[in-house]
Amino acid sequence: MAASEENSALFPIFVLTIMALPLVPYTIVRLCRAASTKTQSIHCQCSVCSRSGKYRKSIFQRISNFSTCSNLTLVLLWVIMVILVYYIKHISHEIQVFEPFSILGLEPGALDSEIKKAYRRLSIQYHPDKNPDPEAHKYFVESISKAYQALTDPTSRENFEKYGHPDGKQGFQMGVALPQFLLNIDGASGGILLLGIVGICILLPLLMAVIYLSRSSKYTGNYVMHQTLSTYYYFMKPALAPSKVLDVFIKAAEYMEIPVRRSDGEPLQKLFMLVRSELNLDLKNIRQEQAKFWKQHPCLVKTELLIQAQLTRESVDLPPALQGDFRHVLELAPRLLEELMKMAVIPRTTQGHGWLRPAIGVVELSQSIIQSAVRFERVVMQAVPLSARKAAGASSEGIAPFLQLPHISEAIVKKIARKKVRTFQELWDMAPQERAEVLAQAAGFSSAEAQDVEVVLDMMPSITVEITCETEGEEGIQEGDIVTMHAWVTLKRGNGLIGALPHAPYFPFHKEENFWLFLADSVSNDVWISQKVSFMDEAAAITAASKAIQEVKEGSGASVKEISAAVREAVEKVRNGSRLVMGKFQAPAEGNYNLTSYCMCDSWIGCDKKTSLKLKVFKLSRAGTRGGPMAEEGPAMEDRIEEEEEEEEEEYDDYESEYSEDDENNGEDAKRNGAVANGVLHGHGSNSSSEVSGTDEE
């Protein structure tokens, strides 16, 4: 029994040891990482963003930031360890080793007379005849009498002094460090124990598996419903106008679950009157158009009006109930837009190409909502209405880029235009002092307001793209070859940051910048390669670039020294703000192809880059070798390339993307910006942001 009690007392020590082995080193690593992390502010520091309170960390926000799953688990484990240490320390006082001299209050080696005298003294105090207390009786029998017997019996005393135990030398004992209640199992407790084991080891994992499978069957890895993807796939069309992308976007299953309350009727009616000009209604039949709009599903009506409230900056006066729905709609917007983009560029044609026109529309919607992706993300994040993208005066890009700057409205844009600053690029290219003078003279900006504009302009990214398309290990590109695209996307800012959060004071959530790189044929509306680029995680970018460069160099038979030098160069590029994008596609049939690369930001308006490229594909040689003309280089070869000019007129019944108007001139742009030498295609993106602007055509 004593052995079982001793083994039971070791159970907390066993648990403490098992917990401490992984927990202590993991905690040390976490603390070292936290200490080495640089606290650099990557969000906008203008006064408008400061007043929005989005980046202000209250005590509750700090607790929320700390209260991640991993942090809470770590703290909980340490609390359990502290409790175990306290418990072990407590039971260590209760479990005493048998020490007869200590029990009798004597020093080791005491004489027999001293032992008898101490025993008589304690007997007077604890003997049952003298002390009726049951605890005293127990202590007298189990401790005092046993200690006296061990010290007065010659054999017992000799064994104790020699082996530390009255019974002599003890053999090696083994036990199981289990709690006492597990060692004393009777009928009732055995059944409870069995139920506990079944519940914890079988039923609990089974329940968790059922919950996980039921959730995974409903949601994708990006926490978007499968029903949403099916809807987006069905409604996505190759000629989908950018202004119609919003109609597809709001059909997400997540938005169809938004509650529509009776109390929402009047606020939605007022909101409809405020945003009616942005709903693409036919003004000639306005009554019929309004009736048709309100006959839609109530969730679609509510979602579209709430998004238009964000685009037109009319969300301030929404009642509290609609404010909650409004935040929910915007919180879901970024990941829904990302899935909508995937449905636009998913291979649809026999060549495995996606669709360019709806892809551009998705990015523009993101730019409008969040000032985050190309078309509609600009609308949501930057809270810029779609009508602001229409041409205004000499500017083909409209006033949308101006409206993302702090303190600037449509009236101020008109005043700035009188100072012969017609485009956003002209304002951006000005010297800070000159720009401050223009803003002060034209709009009456104070020095603080002009400084806010400078802060935001310094946050805006400037993108350059360098693209190379080639067949690895070969001199030219023949039909059927696997062509590899290498693209270095370089980002520069005025404030020196690389990864940053965009200036988006009207979007209530944090949104990281993302860029979409498309290699597309704008004439045929085909996207050959599409990939999302992020500048936030430098470590991941270094790893990916190093691995890609190493594989390419090893495939080309380069030496170890050459591979090491190439990898070091790639790492240096990444640290200086570049990201490597690679993709492969199968070379099409023989001919000349005028391609265009689009690098579009989902968080800023006016920062996109477009580069025209020219691809020459030769006929497949019968002998399996490269064509003879590929051996020639320079102008002699370029003179023999026949330029193809293709013009395709399409009638669109709605708003045209800012990229549509340049489609007919791709042949001429390719002559200026692209070159083919030895079958290798190069392109350098140096176009200004004004090239990626467009107009509305009703």
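The exercises below work through helix packing, burial and backbone geometry in a predicted model.

**Exercise 1. How many helices and strands are there in the protein, and what percentage of its residues is buried?**

Solution. Begin with the secondary structure, in which 28 helices and 11 strands are found. Then turn to burial: of the 698 residues in the protein, 45% are buried. Finally, consider how contacts are spread along the sequence: among those between residues at least 6 apart, 68% join residues at least 24 apart.

**Exercise 2. Classify the packing of helix α17 against helix α18, and describe which residues make the contact.**

Solution. Step one is the geometry: the axes of α17 (residues 320-345) and α18 (residues 356-370) come within 9 Å and cross at roughly 170 degrees. Step two is the classification: because angles over 145 degrees count as roughly antiparallel, α17 is roughly antiparallel to α18. Step three is the contact itself, to which α17 contributes L330, P334, L337, L340, M341, A344 and V345, while α18 contributes P358, A359, V362, V363, L365, S366, I369 and I370. Sorted by class, the residues of this contact of α17 with α18 comprise 14 nonpolar, one polar and no charged.

**Exercise 3. Helix α14 packs with α15 and with α16; work out the orientation and the handedness of each crossing.**

Solution. Take α15 to start with. The axes of α14 (residues 265-275) and α15 (residues 286-294) come within 13 Å, crossing at roughly 135 degrees, and that angle makes α14 oblique to α15. The crossing in which α14 passes α15 is right-handed. On the α14 side the contact is made by L268, Q269 and F272, and on the α15 side by Q290, F293 and W294. By class, the residues of the contact of α14 with α15 are four nonpolar, two polar and no charged.

Now take α16 (residues 298-311), whose axis lies 10 Å from that of α14, the two helices packing at an angle of about 55 degrees. The helices α14 and α16 are therefore oblique to each other, and their crossing is left-handed. Here L268, L271, F272 and V275 of α14 meet K302, L305, L306, Q308 and A309 of α16. The contact of α14 with α16 has seven nonpolar residues, one polar and one charged.

As a last step, compare the two lists: L268 and F272 of α14 appear in the contact with α15 and also in the contact with α16.

**Exercise 4. What span is expected for helix α25, and which of its residues are buried?**

Solution. Helix α25 (residues 538-555) has 18 residues, which at 1.5 Å a residue should span 26 Å. The C-alpha atoms at its ends are 26 Å apart, and so the expected span agrees with the model. Next, list the buried residues of α25, which are A541, I542, A545, S546, A548 and I549. To interpret their spacing, recall that an α-helix has 3.6 residues a turn, so residues three or four places apart point the same way. The elements covering the buried residues of α25 include α26 (560-575) and β7 (578-586).

**Exercise 5. Where do Y223 and K420, two residues with positive phi, lie, and is K420 buried or exposed?**

Solution. For Y223, phi is near 60 degrees, a positive value in a residue other than glycine, and Y223 lies in the loop between α10 (187-216) and α11 (226-235). For K420, phi is near 65 degrees, again positive in a residue other than glycine, and K420 is found in the loop between α21 (410-417) and α22 (424-429). The relative accessibility of K420 is 68%, and because exposed means over 50%, K420 counts as exposed.

How values were computed: Residues numbered from 1 in each chain as written. Predicted model: local features only at pLDDT ≥ 70, side-chain atom pairs only at ≥ 80, totals over all residues. Heavy atoms only, no water. Axes fitted to C-alpha atoms, helices over the stretch in contact; angles between N-to-C directions. Helix = DSSP H or I, 4+ residues; strand = E, 2+ residues; numbered from the N terminus. Parallel < 35°, antiparallel > 145°, perpendicular 65-115°, else oblique. Left-handed = near helix turned anticlockwise from the far one by under 90°. Contact = heavy atoms within 4.5 Å. Nonpolar A, V, L, I, M, F, W, Y, C, P; charged D, E, K, R; others polar. Expected span 1.5 Å × (residues − 1). Buried < 20%, exposed > 50% of the residue type's maximum accessible area, 1.4 Å probe, protein only.
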